[in-house]
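I opened the model today to look up helix packing and internal cavities. My notes follow in the order I worked.

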Amino acid sequence: RSVAYVFLPALGRASRGGRSVSAYNHKREDHFMTIIERRRFRQNHLRKELLRKMSAAVPCDPFQYVTDAAYAGLHQKYPDKDAALPAIERLEDELLLLQTGENAVTFYLLHQYLCEKRKLRPYQFRLASTLNDSFIAYLMGLSEVNPFGYKIAPEWCYGLHGEQVILPEIQISSKARQHSLQDIQALPGVSSAAETLSDYKIGLCPDVGFEFPAIDDEHRRKCEWEHPTFLYWNIHGSHGIDLLLLLEKSIGMPVKEIPLDDEPTLEHLMKHHYHESSQRYDVSKASIEEENKCFSHLVGLLKPKNFYELAKIEALMRDTFEDRNLLFETIRRGIWNIDNIIATSDDAFDFLKAYGFEDDIAFSLAKHIKTGICRKPLPCFQGVHGNAFDEMQKNIRYLFPRGHIIASMLLTWRLNYYAVHFPDTYQKCCEQIRRITQGQ
C-alpha cells in the first residue's frame, strides 16, 4: 500500500483523483515499475543485512530457527497425526516460499523479538499486514488468525513464487509502545532507530552510524523511498487494545475465553456497530454516526449469521468502494449476497479462480483490482457473473486481505462481548481510556 500512497499522487492517482488507469502511458507505467523494483532491491538488501546481524541472537540459522518454531507450534496445535497432514502440507508450501522469497524471515524474527521482549500474548497485539495470511505466523504465536479456519491462501503474504514484499506493521498497547523504541535500538544490527509520526524506522548502516534528523510528514514520505539505509517497522499504539486489556483486568474474564458464537454479541453488533474508529477519540461523532448508519444498512441487506459473515461487512466498511450507493443497489437486485460478495482481496482471487482463471492470472488480476487501479473494462471479465464482476471491480477503491479483516474483527467482537455482558464496567473502562487519551 505504501507504494500507492507515496507515488500515485505524482502520477495522477486513479482511486482519489478520479483519473482512469487508461490515462497512464506506457512510459509512466515503466517508470513506476522501475521505482518499485529499485525500492524492492534496496529493502531486500537491508533485510539481508539485518538478518545477517540478527543471526547472532538466535541459536542456529535464522530460516532453520523459524522452521523449528513453526513445527513446534504445529505439533502443539495439531496433536492428532491424521488431522495434521493438511497442516503439514500447508506449512511445507509456506516454508518453500519463505526460503526462496524476499527475506520475510527477518520480519518473523523482528515481531517475535518484540513480543517476547514485551511479554505479549497473541491477543495483546495485532499484526496489521499480510502476515495475518501466514500459517507460519499463526504457528509461531504471532497471529491469532488460523488460515485454515478462514480459507486464507498464502499468496497475499508471499506471492505465487515468494516474490511478495511484506510491509511489517503491528498494533500493540500504548504502554508497550512507549518502550518499543528502546527495544528496537537494542537489536543486533540496528545502528540507530527513530520515531516518526506513528511509525518507527529501523536504521541500518553497517560501516558508519546514521542518526535520524527530525522528520516531518512530507520529508518522511520522501525519504522513505530515497534514503537507502533504513527499513520501516510500523508499530502503532492501539486504544482498542488498551481498552480490551483494561476490560480483561477489571472483569477478570480472560479474553481467550470469549466465544465467537455468542448470539447476544452478534445481535448487539448488528444493531449497534462499535466500529474500531469509535475508539479513536479524534474522530467526530458525526463521522461515527454516518459509518454506523452505513453498517446498519449493509447488515439489513446482507443479513450476516455468524462472526465470519459479519467480518465481511466489516471489510466493506473500510473505504472498499468509491460509490457505496452503487454497492447497495447491486445487493438489492440480488447480484451479490453475503456468500459471493467481493469484500477482500482473497474474495477477488477466489472468485476468479472459481470462474476458471489460472492461479497466476487470477492473482495478477486480483492484485490490480485490490488497489483500485483497474478501472477500465477488461475483455477477460466479459460474461463473468453476467458482467457484474466487471462493474464491481471498477467501483473498488481498496481491498484488504482477509486475514487483516479477521484480526480486526476479533478485536471488535471481543470489545462488544464485554459491552453486552458487562455494560457498567465497559462504560467505566471506556471513560478511563478516554481520560488517558485526552490527557486529563
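**Entry 1: helix 12 against helix 21.** I started with the residues that meet here. Helix 12 brings His239, Asp242, Leu243, Leu246, Leu247, Ser250 and Ile251. From helix 21, Thr425, Tyr426, Cys429, Cys430, Gln432, Ile433 and Thr437 meet them. I sorted this contact by class and got eight nonpolar, five polar and one charged residue. This is a predicted model, so I note that every value is computed.

Next I looked up the geometry. Helix 21 covers residues 423-437, and its axis comes within 10 Å of that of helix 12. The two axes cross at roughly 135 degrees. That makes the pair oblique. I logged the crossing of helix 12 past helix 21 as right-handed.

**Entry 2: helix 12 against helix 20.** I then asked at what angle helix 12 packs with helix 20. The angle is about 40 degrees, and the axes are 10 Å apart. Helix 12 spans residues 239-251 and helix 20 spans residues 402-421. The two helices are therefore oblique to each other. This crossing is left-handed.

I listed the contact residues. On helix 12 they are Gly240, Ile241, Leu243, Leu244, Leu247, Glu248 and Ile251. On helix 20 they are Leu411, Arg414, Leu415 and Tyr418. By class I have eight nonpolar, one polar and two charged residues. Leu243, Leu247 and Ile251 of helix 12 appear in the contact with helix 20 and also in the contact with helix 21.

**Entry 3: cavities.** How many cavities of 30 Å³ or more does the structure hold? I found five. The largest holds about 150 Å³ of space. I counted 16 residues in its lining. Pro122, Phe125, Arg126, Glu144 and Ala407 lie nearest its centre.

I checked which elements supply the lining of the largest cavity. Strand 1 (125-127), helix 12 and helix 20 each give at least two residues. Helix 20 gives the most, with four. The lining divides into 11 nonpolar, two polar and three charged residues.

**Entry 4: helix 4 against helix 6.** I finished with another packed pair. Helix 4 (residues 62-77) and helix 6 (residues 105-117) pack at about 60 degrees, with axes 10 Å apart. I logged this crossing as left-handed. Pro62, Phe63, Tyr65 and Val66 of helix 4 meet Val105, Tyr108, Leu109 and Gln112 of helix 6. Seven of these contact residues are nonpolar, one is polar and none is charged.

Definitions and conventions: Residues are numbered from 1 along each chain as its sequence is written. This is a predicted model: local features need pLDDT of at least 70, side-chain atom pairs count only at pLDDT 80 or more; totals for chains, interfaces and linings use all residues. Side-chain values use heavy atoms; hydrogens and water are left out. Axes are lines fitted to C-alpha atoms, for helices over the stretch in contact, and angles run from 0 to 180 degrees between N-to-C directions. Angles under 35 degrees count as roughly parallel, over 145 as roughly antiparallel, 65 to 115 as roughly perpendicular and the rest as oblique. A crossing is left-handed if the near helix is turned anticlockwise from the far one by less than a right angle, and right-handed if clockwise. Contact means heavy atoms within 4.5 Å. Ala, Val, Leu, Ile, Met, Phe, Trp, Tyr, Cys and Pro count as nonpolar, Asp, Glu, Lys and Arg as charged, and the others, Gly among them, as polar. On a 1 Å grid over the protein atoms alone, a cavity is a set of points where a 1.4 Å probe fits but cannot get out, and a pocket is an open set with protein on both sides within 12 Å along at least five of seven lines; lining residues have an atom within 4 Å of a point. Grid points are joined across faces, edges and corners, and a volume is the space filled by probe spheres set on the points.
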